[in-house]
Amino acid sequence: RAKADGGSVAHGFEAAMDSWARSRRRRETDLHEAFARGDLALAFQPVVGVRSRAIVGFEALLRWHHPVEGAISPAEFVPLAEESGLIVPIGAWVLRQACAEASLWVDPVRVAVNLSPVQFRDPGLVATVREALALSGLAPHRLELEVTESVLLAASEANVATLHALRDLGVRIAMDDFGTGYCSLSYLQKFPFDKIKIDRSFVSQLGENAHSTAIVRAVIGLGASLGIVTVAEGVETEAQFAHLREEGCEEVQGYLFGRPAPAAQAGALIRRKPDLAA
Ligand code: C2E
Ligand code: MG
Ligand code: MG
Ligand code: MG
């Protein structure tokens with residue numbers, strides 16, 4: 001009896017795994033088709049200067065509108081794209097698209113693009129970035145590449161070399177989600193980042209949790225002494241903004257200043273160059 005029960009439990013587990021794997025494969029095929037059909041889009045979220053309260057740039061964020069299921073979060077489909085390797089062509093498209101859009105904005109408004117660690121396994125990454133800049137005519141200093149510390153975790157030597165090669169193009173390199181990893185400080189030693197993005201998990205607790213408040217203060221101080229620009233992610237309230245300004249944080253991003261929006265809406269927020277194609 002016990003054996004039979006165990007068997008049926010195991011069978012149920014296998015069945016569940018099977019259906020999970022099937023739905024995952026289906027989702028992967030869907031993503032592939034969506035990309036081929038042009039159903040992926042970029043949304044742009046403003047990054048604001050703390051002192052000026054003016055837009056200094058936008059972060060490009062991938063969006064997938066599924067015909068049946070509606071909006072699917074990048075937190076869900078980016079890992080899928082990473083596992084299947086699809087993130088390499090998708091990432092190249094993101095770079096081209098983001099640079100093309102930013103080339104229509106008034107200088108010096110910048111665009112930030114997220115890079116997956118999987119893209120660093122692609123020997124063509126530096127060429128892809130160089131091409132996106134050349135095709136769009138965007139000045140390299142207006143492109144910012146965001147990486148998480150996982151880029152420095154795996155194949156660290158090779159990836160550090162790639163980061164240097166990318167920066168030699170004239171682009172800036174930002175460390176995203178700072179503070180959420182295992183050993184963020186050691187990564188600042190491995191590569192001289194231009195920018196640190198303080199993770200939303202700390203910002204959301206600002207003024208409420210003494211530890212988060214102290215950590216944010218320390219990271220801003222660290223940035224200041226290393227000559228690294230600090231950006232706070234996920235700023236939702238005026239109180240959080242006031243805290244960040246007092247601590248000397250330079251840039252902020254969050255729903256308080258604007259949600260990610262389609263390119264046309266983002267472009268309308270800032271002066272665009274006259275349309276030369278017309
Ligand atoms: P991230 O790079 O840390 O992007 C910031 C995320 O925080 C975005 O989520 C943004 O919509 C969200 N956010 C911004 N302000 C606020 C706020 O005030 N409150 C709250 N609750 N959330 C806020 P999103 O767009 O869902 O993207 C999630 C993650 O997916 C990104 O985190 C990034 O790691 C990844 N991702 C997005 N686009 C790309 C891409 O083109 N390539 C790669 N490799 N990853 C991407
Ligand atoms: Mg980011
Ligand atoms: Mg982030
Ligand atoms: Mg994140």
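Where is Gly-181 found? Gly-181 sits in the loop between E6 and helix H7 (184–190), and the last legend below returns to this residue. The model is predicted, so local features need pLDDT of at least 70 and side-chain atom pairs count only at pLDDT 80 or more, while totals for chains, interfaces and linings use all residues. Residues are numbered from 1 along each chain as its sequence is written, chains are lettered from A and ligands numbered from 1 in the order in which they are written, and side-chain values use heavy atoms, with hydrogens and water left out.

**View 1. The magnesium ion (ligand 2) and its protein donors.** Glu-59 (OE), Asn-114 (OD1), Glu-146 (OE) and Asp-176 (OD) are the protein donors here, lying 2.0 to 2.2 Å from the ion. Donors are N, O and S atoms within 2.8 Å of the metal (3.2 Å for Na, K and Ca); water is not among the atoms, so sites may look incomplete. Along the sequence, the spacing of these donor residues reads E-x54-N-x31-E-x29-D. Distant parts of the chain are linked by one pair, Glu-59 in strand E2 (residues 55–66) and Asn-114 in strand E4 (residues 110–114), which are 55 residues apart. Helices (H or I, at least four residues) and strands (E, at least two) are DSSP runs, numbered from the N terminus. Glu-59 is buried, at 4% relative accessible area, and Asn-114 is partly exposed, at 30%. Buried means under 20% relative accessible area, exposed over 50%, and partly exposed in between (1.4 Å probe, protein chains only).

**View 2. The magnesium ion (ligand 3) and the aspartate it shares.** Please meet the second site: Asp-176 (OD), Asp-177 (OD) and Glu-233, which appears twice through OE, coordinate the magnesium ion (ligand 3) at 2.1 to 2.5 Å. The donor residues follow the spacing D-D-x55-E. Asp-177 lies in strand E6 and Glu-233 in the loop between strand E8 (229–232) and helix H10 (238–247), so this pair ties together parts that are 56 residues apart in sequence. Asp-177 is partly exposed, with a relative accessible area of 27%, whereas Glu-233 is buried at 12%. The magnesium ions (ligand 3 and ligand 2) are 4.1 Å apart, and Asp-176 coordinates both.

**View 3. Ligand 1 in its pocket.** Ligand 1 takes up the space of the largest pocket. Its shell draws two or more residues from each of E2, helix H2 (74–84) and strand E6 (172–178), with the largest share, 4 residues, coming from E2. Of the 22 residues around ligand 1, those that come nearest are Arg-63, Asn-114, Asp-176, Glu-236 and Tyr-255. A nitrogen atom of ligand 1 is 3.0 Å from a polar backbone atom of Leu-62, and an oxygen atom of ligand 1 is 3.2 Å from an N or O atom in the side chain of Glu-233.

**View 4. Lys-195 and Glu-144.** Lys-195 belongs to strand E7 (residues 195–198) and counts as buried at 5% relative accessibility. Its side chain and that of Glu-144 are joined by a polar contact of 3.0 Å.

**View 5. Gly-181 and Leu-153.** Back at the loop between E6 and helix H7, Gly-181 is partly exposed, with a relative accessible area of 30%. Gly-181 and Leu-153 are 28 residues apart in sequence and 9.9 Å apart in space, C-alpha to C-alpha.

Definitions and conventions:
Near = heavy atom within 4 Å. Polar contact = N/O pair within 3.5 Å; in protein donor to acceptor, adjacent residues only side chain to side chain. 1 Å grid on protein atoms, 1.4 Å probe; cavity = no way out; pocket = protein on both sides within 12 Å on 5 of 7 lines; lining within 4 Å. Sits in = over half its atoms within 2 Å of the grid points.
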